[in-house]
Amino acid sequence: MVSLTADMSPLQPDRNLALELVRATEAAAIRSVPFIGRGQKELADGAAVDAMRAFLTTVNFDGVIVIGEGEKDNAPMLFNGEHVGTGRGPQCDIAVDPIDGTSLTAEGRNNALSVLAVSDRGTMLDASSVFYMDKIVTGPAGAGVVDIRLPVAENIRLLAKALGKPVDELVVSVLNRPRHARLIQEIRDAGAGTRLMSDGDVAGGINAARYNARTDMCIGIGGSPEGVATACAIKALGGHIQGRLWPRDDDEKQRGIDAGLKVDDTVYEADDLVKGKNTIFVATGVTNGELVAGVRRDGDFVLTESVVLRGASGTLRRISSEHLTSKWL
């Protein structure tokens, strides 16, 4: 089997693979432009899915989608088990989210992304049978320090000590959901501040883990697919991520058990979510956010900003691109 990153030789093709994958997220982001702020999240997602699939078919790799898109809200799909790519080159597992934040896109709000995550074949957890996961994400300072099994107040205290800053300077990102009302209050009672996210917990996790971020921790229940994709990025950032599957009912719990997943409060560490460091994570901004700028039309050009994170080299690269409007919209 050809590895994504067999060694650190400058001639290794995975660097080119990362750039090829950016073309797919750029395409998905650009195709969503006519639907930004239009209240049509299904149409936005459908356009992004079609664009991403079209570009993935041209990439020189043998990709299998392990984490597909759309099952959770009956949106159009790049389905689990779908083969993409030319069939030549490295054999890969793929997690896709053509738009992470379809509601954000439809409402014209910040932090919507187009996302792809890739790892060597057989290394990515297929958590698709249980849609939600309780997660904790921090930067490198939290590795070996915080633990999802501890009370949130204890994790805040431990992380503040590791970062060398007062608790009242810590900022914790949480999805703004009724299920998190008690968690949000516990964070505030512990003395830390909150940054409430309406959607887009992939960006929330990455922002908590990256250098010079404005948030220190991202916690709470979000999508399981998003957790696996985020783990690919966290490996490049040297950060910390843990997750516990959160089935919504007994039927979903049984589906998880039947799929071989651990739904008994077992903690999935980073290497349980994605094995090894041979990961590539790419994201292009759909709408503006802290991680990347959104797609912007400027006369004859469409401007995009993307990030590429490679686990093997531990790098985050930014790619700014100018596309002729006439070719796209």
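**Questions about a predicted fold**

Biologist: Let's start with Leu 273. Which residues does Leu 273 touch, leaving out those up to four places away in sequence?

Modeller: In this predicted model, Leu 273 touches Thr 123, Met 124, Leu 125, Met 133, Gly 227, Val 228, Ala 231, Ile 241 and Tyr 268. Each of these counts as a contact because heavy atoms lie within 4.5 Å.

Biologist: Which members of the largest nonpolar core touch the most other members?

Modeller: Leu 273 is one of them, along with Met 124, Leu 245 and Phe 281, in a core of 41 residues. Eight elements each give at least two residues to this core: β1 (62-67), β4 (113-120), β5 (132-138), α6 (201-209), α7 (224-237), β9 (240-245), β11 (279-285) and β13 (301-310). The largest share, eight residues, is from α7. Apart from this core there is another, of 39 residues, and Leu 17, Ala 29, Ile 30 and Met 52 are among its members.

Biologist: Okay, on to burial. Why is Thr 138 called buried?

Modeller: Buried means under 20% relative accessible area. Thr 138 comes in at 0%, so it passes and counts as buried. You'll find Thr 138 in strand β5. Leaving out residues up to four places away in sequence, Thr 138 touches Ala 143, Val 146, Leu 159, Ala 208, Ala 209, Asp 216, Met 217, Gly 239 and His 240.

Biologist: And what makes Gly 144 exposed?

Modeller: Set the value against the cut-off: exposed means over 50%. Gly 144 has a relative accessible area of 78%, so it is exposed. Gly 144 sits in the loop between β5 and α4 (152-163). Now look at His 240: Gly 144 and His 240 are 96 residues apart along the chain, yet their C-alpha atoms are separated by 7.9 Å.

Biologist: Why do you say that α6 is largely enclosed by the rest of the structure?

Modeller: Count the buried residues in α6: nine of the nine make it, so the helix is largely enclosed by the rest of the structure. They are Asp 201, Val 202, Ala 203, Gly 204, Gly 205, Ile 206, Asn 207, Ala 208 and Ala 209.

Biologist: Why is strand β3 described as mostly covered?

Modeller: β3 spans residues 91-100, and nine of its 10 residues are buried.

Biologist: What makes β3 a partner of β1 and of β4?

Modeller: Two strands pair if there are at least two bridges between them. β1 and β3 have five bridges, in the parallel sense, while β3 and β4 have seven and run antiparallel. Both counts reach the cut-off, so both are pairs. Cys 92 in β3 shows up on both sides: Gly 63 stands opposite Cys 92, and Cys 92 stands opposite Asp 120 in β4.

Biologist: Why are β7 and β10 called edge strands?

Modeller: Picture an open sheet of six strands in the order β7-β6-β8-β5-β9-β10, with mixed pairing. β7 (193-197) and β10 (268-269) each pair on one side only. Within that sheet, β5 and β8 are joined by seven bridges and run antiparallel, with Ile 136 standing opposite Ile 219 in β8.

Biologist: Now for the empty spaces. What makes one of them a cavity and another a pocket?

Modeller: In a cavity the probe fits but cannot get out, whereas a pocket is open. There are four cavities of 30 Å³ or more here, and the largest has a volume of about 100 Å³. Its lining includes Lys 135, His 180, Asp 201, Ile 219 and Thr 230. β5, α6 and β8 each give two or more residues to that lining, with the largest share, four residues, from β8. As for pockets, the second largest has a volume of about 290 Å³. It is lined by 18 residues, and Asp 134, Val 152, Leu 183, Ile 219 and Arg 244 lie nearest its centre.

Biologist: Where does pLDDT stay under 50?

Modeller: One such stretch is residues 5-13, with 11 contacts beyond four places in sequence. Over residues 70-76 the pLDDT is below 50 as well, and this stretch has 20 contacts beyond near neighbours in sequence. Where pLDDT is low, the predicted coordinates should not be read in detail. For the chain, the average pLDDT is 91, and 93% of the residues score at least 70.

Key: Residues numbered from 1 in each chain as written. Predicted model: local features only at pLDDT ≥ 70, side-chain atom pairs only at ≥ 80, totals over all residues. Heavy atoms only, no water. Core = buried A, V, L, I, M, F, W, Y, C linked by side-chain atoms within 4.5 Å. Buried < 20%, exposed > 50% of the residue type's maximum accessible area, 1.4 Å probe, protein only. pLDDT = per-residue confidence, 0-100. 1 Å grid on protein atoms, 1.4 Å probe; cavity = no way out; pocket = protein on both sides within 12 Å on 5 of 7 lines; lining within 4 Å. Points joined across faces, edges and corners; volume = space filled by probe spheres on them.
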